Amino acid sequence: MRNPYEVLGVKKDASAADIKSAYRKLAKKLHPDQNKTDPKAKERFSELNSAYEIAGDKDKRGRFDRGEIGADGKPRGFEGFSQRPGAGAGFGGGGFGAGAPGGSRSFRWSTGGRGGAAPGDDPFNSDDILSEIFGNMGRGAGAGGQRRAATARGEDLAVTAAITLEQFARGEKARVDLPTGKTYEVAVPPGVKPGHQIRLKGMGRPGELGGQPGDVVITIDFVPHPTFKPDGDALRVDLPVTLDEAVLGAKLRVPTLEGAVSIDVPAQSDGSRPMRLKGKGLPKTGGGRGDLLVSLRIVLPKGGDPELEKLMQKWREEQRYSAREPERNS
C-alpha cells in the first residue's frame with residue numbers, strides 16, 4: 001500500500017485542515033459513482049479512504065510517522081523474544097525484543113509481579129505493559145504457578161464513507177471499503193450531517209486468544225457538490241438572472257437533485273431573500289425533506305452593453321436612488 005501522504009498528495013508536515021481538504025477534493029474526483037466506466041475506480045477510492053484513515057486521525061498519523069504502524073494501519077510487530085544474560089526462557093524472566101532492530105524496548109517480569117527484580121532493573125511497570133498488550137490479566141495461578149493472560153479485544157477500524165447528495169436524497173446505501181479487503185453497504189439514516197458516525201459491532205479486526213472482535217466506526221461525509229451547498233436539512237443553490245429578468249420577472253428553470261424544475265421569479269426581485277422550493281432539500285430525521293433555497297444572482301452582460309450604459313446614465317440623472325440607505329427612499 002502506498003504512503004498515505006503520497007495518496008492524498010500532501011506533504012508530511014501538512015496541517016489537519018490541509019489533509020481533510022485534500023481528501024474531500026479527491027473523494028469528489030475518485031468516487032466510483034463519478035467514474036462508472038473506470039474499472040479501477042473502486043480500487044483507487046478504497047486506497048484513498050485507507051490513506052485518510054491514517055493521515056486524518058491524529059493518533060494513527062503520529063504512530064505512522066513514528067514507524068509504529070504501516071500504511072495499511074497494521075502494527076509493525078515485535079521482532080521476537082530475547083533473553084537477558086542469566087535469565088530463564090519464556091515468561092519467567094525473558095522480555096520482548098531486547099536489543100532487537102527497530103527500537104523495540106525490552107522489559108522483564110516474573111510470575112509473581114516484580115518478584116525478585118532488582119531496583120532499577122526495569123524502568124516500566126510490568127503489569128501496566130502486559131495490560132496494554134493483552135488486556136486485563138488474570139490474577140489466579142494455574143498448575144505450575146503460570147499466569148493466564150485474559151483474552152484481548154480486537155482493534156476498531158475507523159473509515160470514512162463519502163456519499164453524494166443524490167445518493168443521500170434517494171436513500172441509497174453508502175459503500176465502505178475496509179483495510180481488511182472487505183466491503184460493506186451501510187444504510188445512511190435520514191437527517192445525518194457530515195461527521196455522523198455509524199458503528200458496526202464486531203466487524204473490526206479479530207481479537208487475540210479468542211477475544212471479541214473490534215468494531216468498524218464509519219464517519220459519514222458528503223462528496224462536495226458543484227451546484228448545491230448543504231445547510232442543515234436544506235440545500236442552497238445560486239440562480240443567475242439577467243437585469244431585465246430581475247426587474248420585469250420571468251419563468252426560469254432551476255436545478256434540483258432530481259432534475260430542473262420551473263420557478264416564477266417575481267418582478268422587482270433584488271435577490272435579497274432566497275426563494276424557497278418545498279421538499280427539494282435533504283432527507284429529514286422525522287421524515288420528509290428539507291427545502292431548496294434559491295438565491296438570485298443578477299448578472300450583467302459580459303464586456304458591457306452601450307445601450308444599457310446609456311439607459312443607466314439617464315436613470316442616474318433622473319431617478320437616482322440610494323441602495324445603501326433604503327429608509328430615505330420610503
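Let us start at Asp291, which, setting aside neighbours within four places in sequence, is in contact with Asp233, Ala234, Leu235, Arg276, Leu277, Lys278, Gly279, Lys280 and Gly281; contact means heavy atoms within 4.5 Å. The model is a predicted one, in which local features need pLDDT of at least 70 and side-chain atom pairs count only at pLDDT 80 or more, while totals for chains, interfaces and linings use all residues. Residues are numbered from 1 along each chain as its sequence is written, and side-chain values use heavy atoms, with hydrogens and water left out.

You will find Asp291 in the loop between β14 (275-277) and β15 (292-299). Helices (H or I, at least four residues) and strands (E, at least two) are DSSP runs, numbered from the N terminus. Asp291 counts as buried because its relative accessibility is 13%; buried means under 20% relative accessible area, exposed over 50%, and partly exposed in between (1.4 Å probe, protein chains only). Its side chain makes a polar contact with the side chain of Arg276 at 3.1 Å. A polar contact is a pair of N or O atoms within 3.5 Å; within protein, one must be able to donate a hydrogen and the other to accept it, and residues adjacent in sequence count only if both atoms are side-chain atoms. A polar atom of the Asp291 side chain also lies 3.1 Å from the backbone nitrogen of Gly279.

Another loop residue to look at is Gln268, between β13 (261-265) and β14. With a relative accessibility of 63%, Gln268 counts as exposed. Its phi is positive, about 65 degrees, although Gln268 is not a glycine.

Now step back to the whole chain, which has eight helices and 15 strands. Buried residues make up 35% of its 330 residues. Of the contacts between residues at least 6 apart in sequence, 47% join residues at least 24 apart.

Among the helices, α3 (residues 41-55) has 15 residues and should span 21 Å at 1.5 Å a residue, and its end C-alpha atoms are indeed 21 Å apart. The expected span is 1.5 Å times one less than the number of residues. Helix α3 is mostly covered, with eleven of its 15 residues buried. Those buried residues pack against α1 (4-8), α2 (16-30), α4 (58-65), β5 (157-163) and β6 (174-177).

How do its helix neighbours lie? The axes of α2 and α3 come within 10 Å and cross at roughly 165 degrees, and α2 and α3 are therefore roughly antiparallel to each other. The contact is made by residues including Ile19, Tyr23 and Leu26 of α2 and Phe45, Leu48 and Tyr52 of α3. Axes are lines fitted to C-alpha atoms, for helices over the stretch in contact, and angles run from 0 to 180 degrees between N-to-C directions. Angles under 35 degrees count as roughly parallel, over 145 as roughly antiparallel, 65 to 115 as roughly perpendicular and the rest as oblique.

The axes of α3 and α4 come within 6 Å and cross at roughly 90 degrees, which makes α3 roughly perpendicular to α4. Here Glu53, Ile54 and Ala55 of α3 meet Lys60, Arg61 and Phe64 of α4.

Finally, turn to α8 (residues 306-319), which is hardly covered: the count of buried residues among its 14 residues is zero. Asp305 caps its N-terminal end, with a side-chain oxygen 2.9 Å from the backbone nitrogen of Glu307.
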